[in-house]
Amino acid sequence: MTKPGVRPTSKQVAQLGVWFLVFGLGVLMIEVWVGDHPFRGSPASWGLGEVFSVMGGAFLCRAAALRLRQQR
């Protein structure tokens, strides 16, 4: 954990993104296994798998942006 007021590093953001992505993809695999169709309908009707997968992707993109900014 980081101290209050300290910005997270790109590695910490990436780790969080990977956990969200792994959990989301696991739930999506279960949904496909039972015959459901993920990402069907509007985003308001998405379940945990879809939401966590998208959040994981967003965190990984943010981590990449932070990494690029830190390298400059």
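The expected span of a helix is 1.5 Å times one less than its number of residues. This rule is applied below to a predicted model.

The protein chain contains two helices and zero strands. Its radius of gyration is 15 Å, well over the 11 Å that the globule rule gives for 72 residues, so the chain is more spread out than a compact globule. Along the principal axes, the C-alpha atoms fill a box of roughly 45 × 25 × 20 Å. Of the 72 residues, 19% count as buried. The chain exposes about 5,600 Å², and carbon and sulfur atoms supply 69% of that area. Contacts between residues at least 6 apart in sequence were also examined. Of these, 63% join residues at least 24 apart.

Helix H2 covers residues 48-71. With 24 residues at 1.5 Å a residue, helix H2 should span 34 Å. Its end C-alpha atoms are 34 Å apart, so the model agrees with the expected span. Helix H1 covers residues 10-33. The 24 residues of H1 should likewise span 34 Å, and the end C-alpha atoms of H1 are 34 Å apart, which agrees. Just after H1, Gly-35 takes a positive phi of about 100°.

Each helix helps to cover the other. The buried residues of H1 are Ser-10, Val-13, Gly-17, Phe-20, Gly-24, Val-27, Leu-28 and Glu-31. Their cover includes H2. In H2, the buried residues are Gly-49, Glu-50, Ser-53, Gly-56, Ala-63 and Leu-66. Their cover includes H1. An α-helix has 3.6 residues a turn, so residues three or four places apart point the same way.

Three buried residues of H2 show how the helices meet. Contacts with neighbours within four places in sequence are left aside for each of them.

Glu-50 lies in helix H2. Its relative accessibility is 5%; because the buried class ends at 20%, Glu-50 counts as buried. Glu-50 is in contact with Leu-28, Glu-31, Pro-38 and Phe-39. Of these partners, Leu-28 and Glu-31 are listed among the buried residues of H1.

Ser-53 is also placed in helix H2. Ser-53 is buried, with a relative accessible area of 9%. The contacts of Ser-53 are with Phe-20, Leu-21, Gly-24, Leu-25, Leu-28 and Phe-39. Phe-20, Gly-24 and Leu-28 are among the buried residues of H1. Leu-28 and Phe-39 are partners of Glu-50 as well.

Gly-56 lies in helix H2 too. Its relative accessibility is 0%, so Gly-56 counts as buried. Gly-56 touches Gly-17, Phe-20 and Leu-21. Gly-17 and Phe-20 are buried residues of H1. Phe-20 and Leu-21 are also in contact with Ser-53. The C-alpha atoms of Gly-56 and Val-18 are 6.0 Å apart in space, although the two residues are 38 apart in sequence.

Two further residues of H2 fall in the partly exposed class. Gly-57 is found in helix H2 and is partly exposed, with a relative accessible area of 26%. Gly-57 and Leu-21 are 36 residues apart in sequence. Their C-alpha atoms are 6.7 Å apart in space. Val-51 is placed in helix H2 and is partly exposed, with a relative accessible area of 34%. Along the chain, Val-51 and Phe-20 are 31 residues apart. The C-alpha atoms of Val-51 and Phe-20 are separated by 9.1 Å.

The surface has a nonpolar patch. Ile-30, Trp-33 and Val-34 make this patch, which has an area of about 440 Å². Trp-33 is in helix H1. At 78% relative accessibility, Trp-33 lies over the 50% cut-off and therefore counts as exposed.

Technical notes: Residues are numbered from 1 along each chain as its sequence is written. This is a predicted model: local features need pLDDT of at least 70, side-chain atom pairs count only at pLDDT 80 or more; totals for chains, interfaces and linings use all residues. Side-chain values use heavy atoms; hydrogens and water are left out. Patches are made of residues with over 30% relative accessible area and no salt bridge: like charges are joined within 9 Å, nonpolar side chains (Val, Leu, Ile, Met, Phe, Trp, Tyr) within 5 Å. Accessible areas come from the Shrake-Rupley method with a 1.4 Å probe; for residues, only the protein chains shown count as cover. A salt bridge is a side-chain nitrogen of Lys or Arg within 4 Å of a carboxyl oxygen of Asp or Glu. Helices (H or I, at least four residues) and strands (E, at least two) are DSSP runs, numbered from the N terminus. Buried means under 20% relative accessible area, exposed over 50%, partly exposed in between (1.4 Å probe, protein chains only). Contact means heavy atoms within 4.5 Å. The radius of gyration is taken over C-alpha atoms; the globule rule is 2.2 Å times the number of residues to the power 0.38.
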